[in-house]
Amino acid sequence: MQDLIKNLPKQANDKHNENKKFFTKLKKKAPKNLDYIMQELHDDEFKKTDCLECANCCKTTGPLFTDKDVDRIAKFFRLKPQQFISQYLRIDEENDYVLQSVPCTFLGADNYCSIYEVRPKACREFPHTDRKKFQQISNLTLKNVAICPAAFNIVEEMKNRIK
Ligand code: SF4
Ligand code: SF4
């Protein structure tokens with residue numbers, strides 16, 4: 001898995017133009033059953049993928065924290081939201097709360113998340129490959145295929161399946 005993750009940015013870069021073309025076409029005309037196809041591709045891929053062997057998302061890109069995430073996680077730590085924010089978060093260029101540093105503070109050496117039950121929504125949903133109207137987040141997906149081996153494989157499978 002580690003070799004795969006190491007090579008992923010280059011592999012994603014090699015596929016970038018092809019992927020971009022594919023998503024441009026998909027945005028113009030998506031199959032009617034795209035949500036269904038994505039759910040199937042997502043489920044098949046994650047049956048084979050062990051995120052605990054990877055954790056590359058947690059190591060390289062932190063999630064956004066919504067106000068609801070902050071309230072829930074602060075409560076978990078028995079902190080006031082403002083205390084949680086000053087201890088762990090910063091505001092980024094887009095005015096969102098993000099982690100002060102990556103790898104994520106809550107990631108253990110065994111790749112387990114210490115706040116798994118209350119983790120941010122963005123972590124629960126990453127890499128968003130089972131999202132409805134998947135074509136609408138193609139710019140994000142073009143970036144995610146360089147981080148997430150599962151997203152990379154799903155996009156490759158999409159290109160085989162949707163001509
Ligand atoms: S979601 Fe993707 S990047 Fe994150 S741990 Fe799973 S396979 Fe790795
Ligand atoms: S909160 Fe948990 S799931 Fe989210 S990035 Fe940190 S370790 Fe990963």
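The exercises below, each with a worked solution, deal with a predicted model.

**Exercise 1. The two domains**

State into which domains the protein chain is divided, and what separates their centres.

Solution.
- Start with the division: domain 1 covers 2-58 + 126-161, and domain 2 covers 64-125.
- Next take the centres over C-alpha atoms; those of domain 1 and domain 2 are 25 Å apart.
- Then turn to the contact, to which domain 1 gives five residues and domain 2 gives nine residues.
- Finally, sort the side of domain 1 that touches domain 2 by class: four residues are nonpolar, one is polar and none is charged.

**Exercise 2. The surroundings of ligand 1**

List the residues that surround ligand 1 and sort them by class.

Solution.
- The surrounding residues are Thr49, Cys51, Cys54, Ala55, Asn56, Cys57, Phe126, Pro127, Ile147, Cys148, Pro149 and Ala150.
- Two elements, α3 (56-60) and α8 (149-161), each give two or more residues to this shell.
- By class, the shell around ligand 1 holds 10 nonpolar residues, two polar ones and no charged ones.

**Exercise 3. The surroundings of ligand 2**

Repeat the listing and sorting for ligand 2.

Solution.
- Around ligand 2 stand Cys58, Gly62, Pro63, Cys104, Phe106, Leu107, Cys113, Ile115, Arg119, Pro120 and Cys123.
- In this shell nine residues are nonpolar, one is polar and one is charged.

**Exercise 4. Cys57**

Decide whether Cys57 is buried or exposed, and find its contacts.

Solution.
- Place the residue: Cys57 is part of helix α3, and it also belongs to the surroundings of ligand 1.
- Count the neighbours: Cys57 has 22 C-beta neighbours inside 10 Å, so it counts as buried, the cut-off being 20 or more.
- Without neighbours within four places in sequence, the contacts of Cys57 are Phe126, Ile147 and Cys148.
- Take one of these partners: Ile147 is 90 residues from Cys57 in sequence, yet their C-alpha atoms are 6.4 Å apart in space.

**Exercise 5. How α4 packs on α5**

Work out how helix α4 is oriented to helix α5, and which residues make the contact.

Solution.
- Two numbers describe packed helices: the angle between their axes and the distance between the axes.
- For α4 (residues 67-76) and α5 (residues 81-88) the angle is about 95° and the axes are 8 Å apart.
- Angles of 65 to 115 degrees count as roughly perpendicular, so α4 is roughly perpendicular to α5.
- The contact is made by Val70, Asp71, Ile73 and Ala74 on the α4 side, and by Pro81, Gln83, Phe84 and Ile85 on the α5 side.
- By class, this contact of α4 with α5 has six nonpolar residues, one polar and one charged.

**Exercise 6. Backbone geometry in the loops**

Find where cis peptide bonds join Val102 to Pro103 and Phe126 to Pro127, and place two residues, Arg78 and His128, whose phi is positive.

Solution.
- The bond between Val102 and Pro103 is cis, with omega about -5°; Pro103 is in the loop between β3 (97-99) and α6 (121-125).
- The bond from Phe126 to Pro127 is also cis, with omega near 0°; Pro127 is in the loop between α6 and α7 (138-144).
- Arg78 is not a glycine, yet its phi is positive, near 55°; Arg78 sits in the loop between α4 and α5.
- Arg78 has 8 C-beta neighbours inside 10 Å and therefore counts as exposed, the limit being 12 or fewer.
- His128, likewise a residue other than glycine, has a positive phi near 65°, and its place is the loop between α6 and α7.
- Because 16 other C-beta atoms lie within 10 Å, His128 is partly exposed.

**Exercise 7. Thr129 and Lys159**

Decide for Thr129 and for Lys159 how exposed each is, and give one C-alpha distance for each.

Solution.
- Thr129 is in the loop between α6 and α7; it has 25 other C-beta atoms within 10 Å and so is buried.
- Beyond neighbours within four places in sequence, Thr129 touches Met38, Leu41, His42, Phe134, Ala151 and Ile154.
- From Thr129 to Ala150 the C-alpha distance is 9.1 Å, with their places 21 residues apart in sequence.
- Lys159 is in helix α8; with 16 C-beta neighbours inside 10 Å it counts as partly exposed.
- The C-alpha atoms of Lys159 and Pro103 are 31 Å apart, and the two residues are 56 residues apart along the chain.

Methods: Residues numbered from 1 in each chain as written. Chains lettered and ligands numbered in written order. Predicted model: local features only at pLDDT ≥ 70, side-chain atom pairs only at ≥ 80, totals over all residues. Near = placed C-beta within 6 Å. Helix = DSSP H or I, 4+ residues; strand = E, 2+ residues; numbered from the N terminus. Nonpolar A, V, L, I, M, F, W, Y, C, P; charged D, E, K, R; others polar. Axes fitted to C-alpha atoms, helices over the stretch in contact; angles between N-to-C directions. Parallel < 35°, antiparallel > 145°, perpendicular 65-115°, else oblique. Contact = placed C-beta atoms within 7 Å. Domains from an automatic or database assignment.
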